[in-house]
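Let's take a walk through this structure together, one part at a time. Keep the 3D view open and turn it as you read.

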Amino acid sequence: MGRVIVASVGYTKVGDHWDKSILDLAVEASKKALKPYSNIKPDVVIVANMFSGQSSKQEHLGALLASALNLVGIPAFKIEAACASGGVAFNVGYRMIRSGEADTALIVGVEKMRDLDVPEVSLALSMAESAEYTQFIGATFLSLNAMLARLYQETYNVTREELSAFPVIAHQNATTAEHAQFRKAINVDDVARSPLVSDPLRLLDCAPIGDGAAAILLTSDRVDEEDEVEVLSSKISTNIFSLYEREDMLTFSATKEAASKAFSEAGISLSDVDVLEIHDAFSVTAALSVEAMGFSKPGEGAKDAAAGVYSLKGRHPALTFGGLKGRGHPVGATGLYQIAELWLQLKGRGGLNQVDGCRIGVAQNIGGVDTTSVVTVLARR
Amino acid sequence: MAISYWRRRDRYYRLLGNKCSGCGSEYYPPVYICRRCGSESLMDVEMPKTGQIITYTVLREVMAGFEGQQPLVLGIIRLDNGVKILGQIVDTPLEALRIGSRVKMVFRKIREESEAGQIYYGYKFTTL
């Protein structure tokens, strides 16, 4: 089986792009990813997006982007798996190259969120849950994660300060990340004083709403570079659809299974992982994610973060450019921002955010409350 | 929205879930295949109307369609047959909300589309 290489990446800053459409953003990121390899014409374009129909009254994004990039003729399509769209699209591109179906794949995640007002964004996001039994009664993702956070704090005696640790780490790392939405440090008091949006969650527990696009150029091992970044594995798993249908709500079993399979296929163990991008849509999500992957014991994710384990200089550097909380979370693009950031780290191009000497990076991207989870392992050769 | 609502009226009005004919497991929302034994033989059955709060939140940022209803109190409730259900909790002072509180189902208006538009009804819960 041939090797699959992340040849290059391109992305926009995350935030308010009032002057740019969803296609403008996707083209901008794509051009940046394609620029270093003007000799490469992708064999396939895969677009990751969650709700362009809601935000832009636009579907059929695959052909739309391929046409805009003068790539008419090649296969092009959109992948949707809620906030895991980016990770799933990456997985599909990776599989197409491994299977020999394609030699090169352009994978582009994009989301236009700011054209909608906040209640409309909450509605669009809620389509990743049951329309009939969750959305119908008015429950948003914020409220589901808030109920999970209350259960988490109650079950494991997690304090407000401990829960705040992941957002504090995220913002700290985002201060020196040029593409981040929020380049402002916060402390645990800021989190504790921020408005209560769905108790116990406060505003600073939650990833923001923003526009953005991230593109990845994947190739077979034709591209010859010494410090190339190789995809070691990418695994998808799913959970029982709605949070409240699960017997054990505090175990992210989709993440657990995806991580276990991805680590096994990559032939790595937890201690081999040098840099980690997790899906910190909410503080509690970050904690349950590191627990499911095995980096922390059940109930200790937030406590470990508070003890510095996941800080840039800690044992498991995570959210190295700010994560979803600091860099921002343009939902369909998020999984590909994570891949782009791992690539920067593994190439040694992390600037002030560089994790020294890193060789293996892991990204975990989820849709819903761990309803779909994708875990990807990259390595520098 | 009106048709998809009408289609589920018994689910919303009577908490009609289903039960596996093979192993007796009960579900709400109803399932197509029993999660426990894999049987596809399931019959509709009403859920008990009482239970207790497992976790809850007071949501202050509602989604489109629920404007004017904030804050919205939401809870995950374990019904007396063990099935967990998500629902709004109403007619309960916020300071009286507790994990473990006993609740019962009440029939309420969920939302309305406009003054002349569709009105949606369904279950909510109130503390006993």
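**A tour of two chains**

Chain B is a good place to begin, with its two helices and eight strands. Keep in mind that this is a predicted model. Following the sequence of chain B, you meet the elements in the pattern α-α-β-β-β-β-β-β-β-β. Taken along the principal axes, the C-alpha atoms of chain B fill a box of roughly 45 × 35 × 20 Å. Of the 128 residues in chain B, 33% are buried. If you look at contacts in chain B with a separation of 6 or more, 48% of them come from residues 24 or more positions apart.

Next, see how chain B is divided. Domain 1 covers residues 1-47 and domain 2 covers residues 48-128. The centres of these two domains of chain B, taken over C-alpha atoms, are separated by 20 Å. Where they touch, domain 1 of chain B brings eleven residues and domain 2 of chain B brings 13. On the domain 1 side of this contact, α1 (2-7), α2 (9-14) and β2 (26-27) of chain B each supply at least two residues. By class, that side of domain 1 has nine nonpolar residues, one polar residue and one charged residue.

Now look for a sheet in chain B. Three strands form an open sheet in the order β2-β1-β3, with antiparallel pairing. The edge strands are β2 and β3 (42-46) of chain B, and each of them pairs on one side only. Strand β1 (residues 16-20) of chain B runs antiparallel to β3(B), and five bridges join the pair. To find one of these spots, pick out G17(B), whose bridge partner in β3(B) is V45(B).

From here we can cross to chain A. The contact between the chains takes 27 residues from chain A and 27 residues from chain B. On the chain A side, the elements that give two or more residues are α5 (118-126), α6 (131-135), α7 and β5 (196-198). Which element gives the most to this side of chain A? The answer is α7(A), with seven residues. The chain A side divides into 14 nonpolar, eight polar and five charged residues.

Within chain A, helix α12 (residues 283-293) deserves a visit. Eleven of its eleven residues are buried, so helix α12 of chain A is largely enclosed by the rest of the structure. Among those buried residues are S283(A), L288(A), E291(A) and M293(A). What do the buried residues of α12(A) pack against? Their partners are α7 (141-156), α8 (160-163), α9 (165-174), α11 (253-266), α13 (301-306) and β10 (360-367) of chain A. After α12(A) comes G294(A), which has a positive phi, near 100°.

Our last stop is the largest nonpolar core. In soluble globular proteins, nonpolar side chains tend to be buried together. The largest nonpolar core here has 166 residues, and the members that touch the most others are V6(A), I107(A), V108(A), A215(A), I216(A), L218(A) and L336(A). Domain 1 (1-47) and domain 2 (48-128) of chain B both give residues to this core, so the core lies between them. For a closer look, choose A215(A): leaving aside neighbours within four places in sequence, its contacts include V9(A), Y11(A), A29(A), A33(A), I107(A), V108(A) and L336(A).

Conventions
Residues are numbered from 1 along each chain as its sequence is written. Chains are lettered from A and ligands numbered from 1 in the order in which they are written. This is a predicted model: local features need pLDDT of at least 70, side-chain atom pairs count only at pLDDT 80 or more; totals for chains, interfaces and linings use all residues. A nonpolar core is a set of buried Ala, Val, Leu, Ile, Met, Phe, Trp, Tyr and Cys residues joined through C-beta atoms within 7 Å. A residue is buried if 20 or more other C-beta atoms lie within 10 Å of its own, exposed if 12 or fewer, and partly exposed in between; C-beta atoms are placed from the backbone. Domain bounds come from an automatic or database domain assignment. Two residues are in contact if their C-beta atoms, placed from the backbone, lie within 7 Å. Helices (H or I, at least four residues) and strands (E, at least two) are DSSP runs, numbered from the N terminus. Ala, Val, Leu, Ile, Met, Phe, Trp, Tyr, Cys and Pro count as nonpolar, Asp, Glu, Lys and Arg as charged, and the others, Gly among them, as polar. Two strands pair if DSSP finds at least two bridges between them.
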